[in-house]
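Colleague: Could you take me through one part of this model slowly, the sheet and whatever sits around it? I'd like the pieces joined up rather than listed.

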Amino acid sequence: MYKRQVQDLSSSFAHLVRKIQQLMATVRAEEVNLRKTELRALQAQINPHFLYNSFFILKSRITAKEYEDAGHFADMLGIYFKFISKNNADSISLGEELAHARAYASIQAVRFKNRTEIRWEEIPEQFCKLQVPPLILQPILENAFKYGLEDMEFDGLLEFRSSHDSGYLHLTIEDNSESFEKNRGKIEMLQQAFSSGIGQMEPSALLNIHRRLQLFFKDPHCGLTLEQGEQGG
């Protein structure tokens, strides 16, 4: 009798474990689908002001007969929009992601001409084939321009750097604006959301990137960190 009860209890426990495992698998699948949906929405979201400004700049270069600059600018626009409109992959090489991000920064550099310097450091060659989720850099650059460098009339600086240690690659995007101090409250809320997933944050591009990186690499140490940089921004 006792043995029968133990067997029944063991069978019930095994059934419960299977149910929990199935539920966890369902939750993970739903989370993956949610991140994919968020990514598709991010890819589809082309800022109309960015588009208008880009074509206005292109027209002004042609009108001024600056044909070489106009050609280079058109090339950057082509790279940018080809990536945005055609890339539906769940992952791409970091080299491809960097090419897109640099094209975006180059387009903005023309718009911010004589106001902002862009310094772009090449990453070590061995990391270029590393697979990453797409669109993890452009939204960060976009935030730097929109919330930091936009208000600077001169001496703006945007810097991209990389370093690596203990098996991790660190990519740093930094500006020299006063955006960190101006947005300290929002940044602290983002940091809380990054570390714990708890907070009153509305969905945002940065939170989207952080979650996709953690989901993709399945490592809690991966993702975004926010801090005041050496340049003050």
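Modeller: Let's fix one term before we start: a residue is buried if its relative accessible area is under 20%, and exposed if that value is over 50%. Also bear in mind that this is a predicted model.

By that cut-off W120 is buried, because its relative accessible area is 16%. Its ring partner F160 is buried too, at 2%. The ring centres of W120 and F160 are 4.4 Å apart and the planes meet at 15 degrees, so this pair counts as stacked. W120 belongs to strand β2 and F160 to strand β4, so the stack ties together parts that are 40 residues apart in sequence.

Now the sheet itself. It is open, has three strands in the order β2-β4-β5, and its pairing is mixed. β2 (116-120) and β5 (168-175) are the edge strands, each pairing on one side only. From one strand to the next the twist averages 15 degrees. As a reminder, strands of a sheet pair through backbone hydrogen bonds, either parallel or antiparallel. For β2 and β4 (residues 156-165) the sense is parallel, over five bridges. If you want a place to look, find R119, which stands opposite E159 in β4.

Just ahead of that strand there's a backbone detail to check. D155 is in the loop between α5 and β4, and its phi is positive, about 60 degrees, although the residue is not a glycine. That stands out against the usual pattern: most residues other than glycine have a negative phi. D155 counts as exposed, because its relative accessibility is 59%. L135 also has a positive phi of about 60 degrees without being a glycine. You'll find L135 in the loop between β3 (131-132) and α5 (138-147). L135, though, is buried, as its relative accessible area is 2%.

What lies across the sheet? Helix α4 (residues 94-111) does, crossing β2, β4 and β5 and running at about 165 degrees to β2. To see what else α4 touches, start from M76 in helix α3 (residues 67-86). Leaving aside neighbours within four places in sequence, M76 is in contact with A103, S106 and I107. The C-alpha atoms of M76 and S106 are separated by 7.1 Å, with their places 30 residues apart along the chain. M76 counts as buried, because its relative accessibility is 14%.

There are more aromatics to turn on while you're looking. The whole structure has six aromatic pairs, and ring pairs link Y80, F81, Y104, F112 and F145 into a cluster. Separately, K186 lies over the face of Y147, at 5.6 Å from the ring centre.

One last stop, further along the chain: helix α8 (residues 205-217). At 1.5 Å a residue, its 13 residues should span 18 Å, and the end C-alpha atoms are 18 Å apart, which agrees. The buried residues of α8 are L206, L207, N208, I209, H210, R212 and L213. After α8 comes K218, with a positive phi near 55 degrees.

Technical notes:
Residues numbered from 1 in each chain as written. Predicted model: local features only at pLDDT ≥ 70, side-chain atom pairs only at ≥ 80, totals over all residues. Heavy atoms only, no water. Pairing = 2+ DSSP bridges. Helix = DSSP H or I, 4+ residues; strand = E, 2+ residues; numbered from the N terminus. Axes fitted to C-alpha atoms, helices over the stretch in contact; angles between N-to-C directions. Contact = heavy atoms within 4.5 Å. Expected span 1.5 Å × (residues − 1). Buried < 20%, exposed > 50% of the residue type's maximum accessible area, 1.4 Å probe, protein only. Phe/Tyr/Trp six-rings, centres within 6.5 Å; stacked < 30°, edge-to-face > 60°. Lys NZ or Arg CZ within 6 Å of the ring centre and 35° of its normal.
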